[in-house]
Amino acid sequence: MSIPEGLKYAKTHEWVLIEGDTATIGITAFAQEQLGDITFVELPPAGTSLGSGDEFGSVESVKAASELYSPVSGEVIAVNADLEESPGLINSDPYHGGWMIKVKFSGLSPELLSSADYSKLLEA
Amino acid sequence: MPFIPHTAEETEAMLSLLELKTLDDLFSYIPQEMRPGQFDLPDGLTEYEVIRKLEDMSGRNAGIPLNFMGAGFYNHVIPAAVDALSSRGEFLTAYTPYQAEAAQGTLQAIFEYQTAICRLFEMDVANASVYDGGSAIFEAAMMAVRATRRARLVIDSTVHPLYRKMLSTLTANLHLDIVTITNSDGLTDKNRLIAAIDENTAAVIVQNPTFFGNARDYSDVFEAAKNKGALAILSVYPVMQAVLKTPGEMGADIAVADGQSLGQPLNFGGPYLGIMSCTQKLVRQIPGRIVGRTTDQEGKTGYVLTLQAREQHIRRARATSNICSNQALCALRALMQLCLLGPQGLANAARRSLELAHYAADKIALLPKVAMLNTAPFCNEFAVRLPGKASDAVRKLAKTGILPGVLPGLWYPDADAVLLIACTEKNNEAQIDALVEALRSWSREMVI
Amino acid sequence: MKTVFAKSVSGRLGVMPATPADPAGKFLPASLLRKKAPALPELSELDVVRHFTALSTLNFSVDGNFYPLGSCTMKFNPKAGELVAALPRFANAHPLLPQLPEGEELAQGSLQAVWELEKSLCEINGMNAFTLQPMAGAQGELTGALLIAAYHKAAGNKKNKIICPDSAHGTNPATAALAGYEVINLESQGGLITPEALANVLDDGVAALMMTCPNTLGLFERHLPALVEKLHAVDALLYYDGANLNAVMGRMRVGDVGFDVVHVNLHKTMSTPHGGGGPGSGPVGVSERLTPFLPGPRVVKDPDGRFRLKTDLPQSIGQVTPFYGHFGVFVKALAYIIRLGKSGLARASDYAVLNANYMRKRLEEYLDVPYTDLCMHEFAASASRYAKHGVHALDIAKALLDKGCHAPTIYFPLIVKECLMIEPTETENKETLDAFCDDLIALLQEAEKKPEKLHAAPVTMPVRRLDETKAARDMVLKENV
């Protein structure tokens, strides 16, 4: 199970990549595997303001659905438009091609985990 | 015991495998104090006795052949093949098609039903059905509330009054603001509908033909709704849709109907069929089951329930609706009806109903002191104002074996003298002549 | 198989219901007419009969196959039910007939059928009154939730929450949310609702607990009296989801043991056919204190034996269906109830429970049946021990289809891993149960040795396993013209 270092992880299985004041958010390899083949992603439009822990969308597979929670607070500045046509990118490439939103962030959730701690969470 | 195949020996063998002595031992987890205080039902009957009992009961309903009752529920011709085919046990006694490979018959039929509805209404997407026309309006309203995140619904008073009552009952705890636009002599001024649509409006809900039978074009109302970011919901009459301007042509976002007129007997109120369709944009908001076409491992075409992640068995409290069972068999009957009649047969039913209603209206309007209520074009149903209480006319005519229509006064103020008269292709000119004569003799008494 | 649209031949006529003289344009202006005719199939009557006969052969059904679908009560649907429901004076009655002046006289038979079914359901369930209006189980639940809300409103109670156990049918939380309530999840302990777990989530804001008994694991909720006491202490009501009523007829009446509201699925317990997904019928019964809130109109019987509609119901929640409910289904249910009578109904539950326990016992060596030594009318078994061979509940389900049996309900309830939920019903004979058990045991043994055979299943059905991901992503939901 891939859990890249250098990313932060939420207990609700989102990952965050911090670059300057921009946070890129997606779901982990574990999350996509649990859901199975993803068929649809609902994401907020750019300009949406999010609080840390807020629901920002949902993912659906054939047999499951899951809400997405923002690990940061801030304003959505970009949305991965490729996911509309190819939601399977989240399955095939969860940490790169399957990214969901970019947020100009003002705060991080205090409960974010390191790669090692997230790995422990999954083992527990 | 009826329907229980076990012999005494088998029962004993099965109990003995379980190391139990009696059937009662199976219920040891139900303590004595929770057992029934009473269970006072009659003894069972034979099949023949049951049939006789229910035949006798049905005989207590009057059989009145001269019937002009409609009000949204119409006695159209149902080809014999609809009953013959829909009563096949393979359709009748199957469950919801959860195991797709063992339910391709039901699944392909639903796919064909969805296709037929989309073509009849000129809409993008149809679901596999909801319960009836009223629950379809309710679900459509909920779709609009979710899609727009607004809570105001503007509804025309010439939408079926019982559907409006259902809408208010079913939404009682949802803090919605339902605004009803009043009519004048059965016709609502479209400008008043347009004026009521504001920036907080989730949807405008209208009906075609209206409860009073008028055919309307709501294109301008729907355009106004679109400009305010509200959705346009149109409830229609499927048979009449063979000839009338379609929901798609008018720009409806959601088109619904009661499918009773497509192959369902009147059945004293049900089961009927809630037809729902919408634009592609709203596909993820439409509740209930939907069938999609796909392929199997070997590339062969097949059908499955799809988009299930919106439904209650997956989304639970966050589902688009709580609907589970729908009206699958009624949808199948509607599909069979549409296939047997074809575009020509359906149009013939609509046209014959139209021409008979106009034949009737032309004659009834000439009766002394009787006035047509409909000032706009109407379809197979129309309302007249009588020179006295319409309920008196119905009471009198029923005694002579004619049911002349229904009474809008049950639901509308100042309508005590109004009678709503419907015709279908099952009526004929001779029946209408008898109705006209009966009304003439009653109204003559009134005038004197 | 080709769709009915692909078989269409332009210009071919089907059944003409009438021969009109005039075009629609004679009565309606062109602006109100559709531009082109709908592209419906153009076929002969025989073409249509062949098409649907062929389609029907692609289905499994109770008439053709053992159908042990848990929670769905796929018992035999007696043929006499179809016959009596089609009696012309029942089938052709217009629903507004009794709402005409003196019209009740014209519909005494239909009104009597409604009244007798209501009374029978009251007696079977120990409730004060029933409404037959709800058109399916889920609508019965919504009606129940609306009745609960009306009760609390009239009592001046401020309630905003409904509790649903984790083993509940998905319709329960979906219904509570649709009725405007916050849904509180209740974790079951050892498969049961315990008074302790309930106490953790119970407060004055709770309007009701929705539960079924036996629950979806097939277990009798043995703490019921303590639950009732705790709920009633805060004036919270108890809702009974009648999905599992087939387990307890004649052995327990929900009204006697403290339930305030119940819905019954006539298409399950009372043997009316499922029709490939509906129509159902979900009558709702209530205790005395909820009776004033029932939807109307109500059918009442006068002292002279005449039936009439009562519309003066000042506290009624309104109407959840345009008329009286799915009358065509009522006639079948009534025929079933009077055919079986008192002892027949009780025997139905006895044998439903016997059949389920017999199968449980025969299978318990091969599947894990959590929590119980004695189930009610169904049981939930876990196939998780086969997961290490890569064989999952889905594979087992598909392999059963190849044996000519419908699969059990799978992956429900959610709290049992790799769940197979089996409900045989009372109408199946011992040979059928034995054959199913033999087939299933053979499949499970094969799962350990040749798992690939189960992965390949089904191989004898009209189609192999279908690509559901493709269906959801491509969304081909109709045939294009």
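**Stop 1: a hairpin in chain A**

Start with β6(A) and β7(A), which a hairpin of 3 residues connects. This is a predicted model, so keep that in mind as you click along. Select residues 55–61 of chain A to light up strand β6. Then add residues 65–69 of chain A, which make up strand β7. The two strands run antiparallel. They are held together by 5 bridges. For one cross-strand pair, pick E55(A) on β6. Which residue of β7(A) stands opposite E55(A)? Show Y69(A), and you have the partner.

**Stop 2: where chain A meets chain C**

Now show chain A and chain C together. Chain A puts 8 residues into this contact, and chain C puts in 4 residues. Next, select D37(A), T39(A) and V62(A). These three provide 69% of the area that chain A buries against chain C, and no other three residues provide more. Between the two chains, about 460 Å² is buried. Carbon and sulfur atoms account for 53% of that area.

Stay here and look for charges. How many salt bridges are counted between chain A and chain C? The count is 1. To see a salt bridge, select K63(A) and E468(C). Their closest N and O atoms lie 3.2 Å apart. Polar contacts come next: 3 residue pairs make them across this interface, with both residues at pLDDT 80 or more. Color the chain A side by class, and you get 3 nonpolar, 3 polar and 2 charged residues.

**Stop 3: where chain B meets chain C**

Hide chain A and bring up chain B with chain C. Here 190 residues of chain B touch 209 residues of chain C. How much area do chain B and chain C bury between them? The value is about 17200 Å². Carbon and sulfur atoms make up 66% of it.

Go looking for charges again. Chain B and chain C have 7 salt bridges between them. One to select is R293(B) with E479(C). Their side chains meet with N and O 2.5 Å apart. Polar contacts join 81 residue pairs across this interface, both residues being at pLDDT 80 or more.

Which helix gives the most residues to the chain B side? Select residues 328–364 of chain B: this is helix α12, with 22 residues on that side. Finish by coloring the whole chain B side by class. It splits into 101 nonpolar, 53 polar and 36 charged residues.

Notes. Residues numbered from 1 in each chain as written. Chains lettered and ligands numbered in written order. Predicted model: local features only at pLDDT ≥ 70, side-chain atom pairs only at ≥ 80, totals over all residues. Heavy atoms only, no water. Contact = heavy atoms within 4.5 Å. Buried area = accessible area lost by both parts, 1.4 Å probe. Salt bridge = Lys/Arg side-chain N within 4 Å of Asp/Glu carboxyl O. Polar contact = N/O pair within 3.5 Å; in protein donor to acceptor, adjacent residues only side chain to side chain. Nonpolar A, V, L, I, M, F, W, Y, C, P; charged D, E, K, R; others polar. Pairing = 2+ DSSP bridges. Helix = DSSP H or I, 4+ residues; strand = E, 2+ residues; numbered from the N terminus.
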